[in-house]
Amino acid sequence: MPELHTDRLLLRRWRESDLVPWAAMNADPEVREHLGELLTREQSDAAVTLMQAEFDERGFGWWALEARETGEFIGRAGLDEVDEDMPFTGVDIGWRLTRSAWGHGYATEAALACLAFGFETLGLSEVVASTTVGNLRSQAVMRRIGMTRDQADDFEDPSVPHGPLRRCVPYRTFREGAHGPHHSAATPLL
């Protein structure tokens, strides 16, 4: 698993010491506001095991996010394959930070490192992202890293029960020099 370094962050392999703060994040209603139900410690630990296995298998995935100045675990960021039941395919970028790390630009900094890895190392021509309609903080990060949204592609996440978290907005960006097809509601994101 390669490590990524930015001015303030280290994106690295998960450690045993990350499990407690990761579980605390997943039990925090504010962190989980746009993600659904709170997770138990067992569910959080299982997620780390799965994230590590997928990264090892594919060569990309979710890194643990560490503040370089303090060595503190502050969340995760990375790239993932879009779930099969989504109305588009591709590689998805995402992030989740502990509340104490919000508002410092860490999500944007980590996301830019992940995009660079996706485009330069993996050779991707496009990266997508999606979040709930109400997750304005994540949408702002998506715009800051150069992603754009076509409202015609907004969708309902089939994996989410009916309710406020079901309506989602997709964003996308292309590697410099790569131009994706024009898409509309009749053309799913690919």
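A nonpolar core is a set of buried Ala, Val, Leu, Ile, Met, Phe, Trp, Tyr and Cys residues joined through side-chain atoms within 4.5 Å. With that in hand, let's work through this predicted model.

**Exercise 1. Find the residues with the most contacts inside the largest nonpolar core, and say which elements supply it.**

Step 1. Start with the core itself, which has 34 residues. Those with the most contacts inside it are Leu 11, Leu 65, Leu 79, Ile 93, Trp 95, Val 127 and Met 147.

Step 2. Next, look for elements that each supply at least two residues of this core. They are helix 3, helix 4 (136-144), strand 2 (9-12), strand 3 (62-67), strand 4 (73-81), strand 5 (91-97), strand 6 (126-132) and strand 8 (167-174). Helix 3 gives the largest share, nine residues.

Step 3. Now zoom in on Leu 65. Beyond its neighbours within four places in sequence, Leu 65 contacts Leu 9, Leu 10, Leu 11, Glu 72, Phe 73, Ile 74, Gly 75, Arg 76, Ala 77, Leu 97 and Ala 110.

Step 4. Finally, there is a second, separate core of 10 residues, with Trp 14, Met 25, Val 48 and Phe 73 among them.

**Exercise 2. Decide whether Glu 109 and Thr 173 are buried or exposed, and describe their surroundings.**

Step 1. The cut-off for buried is under 20% relative accessible area. Glu 109 has 16%, so this residue is buried. Thr 173, at 11%, is therefore buried as well.

Step 2. Place Glu 109: this residue sits in helix 3 (residues 106-121). Not counting residues up to four places away in sequence, Glu 109 touches Thr 6, Asp 7, Arg 8 and Leu 9.

Step 3. Place Thr 173: this residue belongs to strand 8. Setting aside neighbours within four places in sequence, Thr 173 is in contact with Leu 115, Phe 119, Ser 125, Glu 126, Val 127, Gly 146 and Met 147. A polar atom of the Thr 173 side chain lies 3.4 Å from the backbone oxygen of Gly 146.

**Exercise 3. Describe how helix 1 and helix 2 cross, and which residues make the contact.**

Step 1. Take the geometry: the axes of helix 1 (residues 19-26) and helix 2 (residues 41-58) come within 9 Å and cross at roughly 115°. The crossing is right-handed.

Step 2. List the residues. Helix 1 contributes Leu 19, Val 20, Trp 22, Ala 23 and Asn 26, while helix 2 contributes Arg 41, Ser 44, Asp 45, Ala 47, Val 48 and Met 51.

Step 3. Sort them by character: the contact has seven nonpolar, two polar and two charged residues.

Notes. Residues numbered from 1 in each chain as written. Predicted model: local features only at pLDDT ≥ 70, side-chain atom pairs only at ≥ 80, totals over all residues. Heavy atoms only, no water. Helix = DSSP H or I, 4+ residues; strand = E, 2+ residues; numbered from the N terminus. Buried < 20%, exposed > 50% of the residue type's maximum accessible area, 1.4 Å probe, protein only. Contact = heavy atoms within 4.5 Å. Polar contact = N/O pair within 3.5 Å; in protein donor to acceptor, adjacent residues only side chain to side chain. Axes fitted to C-alpha atoms, helices over the stretch in contact; angles between N-to-C directions. Left-handed = near helix turned anticlockwise from the far one by under 90°. Nonpolar A, V, L, I, M, F, W, Y, C, P; charged D, E, K, R; others polar.
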